[in-house]
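The following exercises concern strands, burial and salt bridges in one protein chain. Please attempt each task before reading its solution.

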Amino acid sequence: MSLLSPRPSERLRKGLEQRKGPKPMVRTPRERLNRRGSLETNADGGGPKGSWLIALILCCATLATLDQTPALEPARTAVGEVLSPLETGAAMVARPFTGIPEWFDSRDELRERVAKLEAENATLRRQVEVTDYGRSKLAEYESITRAAEDLGYALVPARVTAYGPAQTFNRTVTIDAGSAAGIRSDMSVITGDGLVGRVLRVTKTSATVLLIVDAASVVGGRVGGEDRSGKKSGQVGMVRGSGVVAGRSDAGLLSLDLVDQTAAPLKGDTVITWGDGRAAPYVSGLPIGEVTDTFASVRDSSRTVRIKPYVDFGSLDVVGVVVPGDTMSDRAVVTPEGELR
């Protein structure tokens with residue numbers, strides 16, 4: 001063994017080192033791990049120097065002090081005078097663009113509000129119309145009640161549901177009350193203003209009424225009322241219809257053929273039905289109309305009295321049918337005392 005040859009221990013150590021591989025690198029103080037876990041090198045070998053932190057603090061303190069110093073007020077004012085017009089101009093230029101979303105929102109909101117107000121107006125308009133119609137209905141029913149009390153007859157209220165066709169040459173209306181309501185043929189039909197006609201035909205739930213303006217209608221009438229002694233006064237005759245409701249000068253007018261052709265009723269005299277109060281088809285004392293004028297015929301020495309009826313036959317709605325006081329009905333009956341039974 002040569003003296004220069006390595007010792008067995010040294011050969012063994014070198015063999016072990018070669019078998020283990022290269023030695024691991026030792027991280028120097030300049031290298032550090034960042035937050036993501038990667039290795040980074042700090043040239044300074046540490047964190048920020050304390051002098052930078054001190055300089056930053058001193059700068060902040062200086063700016064805060066200068067902001068409170070009145071000496072900078074002129075400079076601040078000058079800067080504001082220069083920048084203020086620029087800010088105003090920039091705001092005016094940008095306002096149309098920045099206001100676009102608000103404009104769309106306002107437009108949609110106004111549109112919804114207009115639609116809501118239109119719906120509310122329509123609802124209120126319908127309520128007003130319904131209220132006026134209901135008020136008119138109530139007034140008509142009240143007039144029927146007053147008529148029963150004034151005339152002394154029991155009445156069955158009914159509503160006009162249809163007018164008869166002109167092709168039949170009859171002026172008729174249909175009401176919504178029939179035999180179930182105690183109505184029979186040849187009963188008088190009135191409104192709060194006066195005589196309407198008489199019942200022609202009856203079903204269980206409806207009835208057909210012949211109007212006194214029909215050309216085939218004949219009603220016994222009396223001109224005037226009672227004298228001071230309570231006796232019936234005035235001339236009697238037969239009231240006939242013209243057959244015309246509207247469209248001509250004689251529309252809705254009636255004529256009275258007097259029994260005494262020498263009598264001359266005065267204009268404005270009242271014409272009522274005459275009878276004993278139980279006669280059919282017309283009971284006595286029902287107002288028909290008033291005298292408008294009188295015509296005398298030289299050829300046959302007759303005299304015709306023209307009468308304007310109290311009832312507007314073109315707007316019939318609520319009517320009352322004169323019935324006996326003990327009538328059994330499927331609806332309320334207005335008694336002669338003006339009460340409902």
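**Exercise 1. Determine how many bridges join β5 to β14, and in which sense the two strands run.**

Step 1. Strands are DSSP runs of E with at least two residues, and helices are runs of H or I with at least four residues, numbered from the N terminus. Two strands count as paired if DSSP finds at least two bridges between them.

Step 2. β5 and β14 are joined by two bridges and run antiparallel. Within β14, Gly320 is the bridge partner of Ile190.

Step 3. The model is a predicted one, in which local features need pLDDT of at least 70 and side-chain atom pairs count only at pLDDT 80 or more, while totals for chains, interfaces and linings use all residues. Residues are numbered from 1 along each chain as its sequence is written, and side-chain values use heavy atoms, with hydrogens and water left out.

**Exercise 2. Place β14 in its sheet and state the order in which the six strands close into a barrel.**

Step 1. Strands of a sheet pair through backbone hydrogen bonds, in either a parallel or an antiparallel manner.

Step 2. β14 also pairs with strand β3 (residues 154-163), in the antiparallel sense and over six bridges. Here Pro157 has Gly320 of β14 as its bridge partner.

Step 3. Elsewhere in the sheet, β4 pairs with strand β7 (residues 207-211) over four bridges, again in the antiparallel sense. Val173 stands opposite Val209 in β7.

Step 4. The barrel is closed by six strands in the order β3-β4-β7-β6-β5-β14, with antiparallel pairing. On average, neighbouring strands of this sheet are turned by 45° against each other, direction ignored (axes are lines fitted to C-alpha atoms, for helices over the stretch in contact, and angles run from 0 to 180 degrees between N-to-C directions).

**Exercise 3. Decide whether the residues of β14 are buried or exposed.**

Step 1. A residue is buried at under 20% relative accessible area, exposed at over 50%, and partly exposed in between (1.4 Å probe, protein chains only).

Step 2. From β14, Val318, Gly320 and Val322 point one way, whereas Val319, Val321 and Val323 point the other way; all are buried.

Step 3. Six of the six residues of β14 are therefore buried, and the strand is largely enclosed by the rest of the structure. For the chain, buried residues make up 26% of the 341 residues.

**Exercise 4. Describe the surroundings of Thr191, a residue in the loop between β5 and β6.**

Step 1. Thr191 has a relative accessible area of 11% and is buried.

Step 2. Contact means heavy atoms within 4.5 Å. When neighbours within four places in sequence are left aside, Thr191 is in contact with Ile144, Ala147, Val196, Val311, Leu316, Val318 and Val319.

Step 3. A polar atom of the Thr191 side chain lies 3.1 Å from the backbone nitrogen of Asp193.

**Exercise 5. Find which residues are linked with Asp176 in a network of salt bridges.**

Step 1. A salt bridge requires a side-chain nitrogen of Lys or Arg within 4 Å of a carboxyl oxygen of Asp or Glu. By this rule the count is five salt bridges.

Step 2. Asp176 forms one of them with Arg331, with the closest N and O atoms 3.7 Å apart. Asp176 lies in the loop between β4 (172-175) and β5 (188-190) and Arg331 in the segment after β14 (318-323), so that the pair links distant parts of the chain, 155 residues apart.

Step 3. Both residues are partly exposed: the relative accessible area is 28% for Asp176 and 27% for Arg331.

Step 4. Arg331 also forms a salt bridge with Asp330, where the closest N and O atoms are 3.9 Å apart. Asp330 is exposed, at a relative accessible area of 52%. The network thus consists of Asp176, Asp330 and Arg331.

**Exercise 6. Explain which parts of the chain are tied together by the pair Arg198 and Asp186.**

Step 1. The side chains of these residues, Arg198 and Asp186, meet in a salt bridge at 3.1 Å, N to O.

Step 2. Arg198 lies in strand β6 (residues 195-202) and Asp186 in the loop between β4 and β5, so the pair ties together parts that are twelve residues apart in sequence.

Step 3. Asp186 counts as partly exposed, with 36% relative accessibility.

How values were computed
A polar contact is a pair of N or O atoms within 3.5 Å; within protein, one must be able to donate a hydrogen and the other to accept it, and residues adjacent in sequence count only if both atoms are side-chain atoms.
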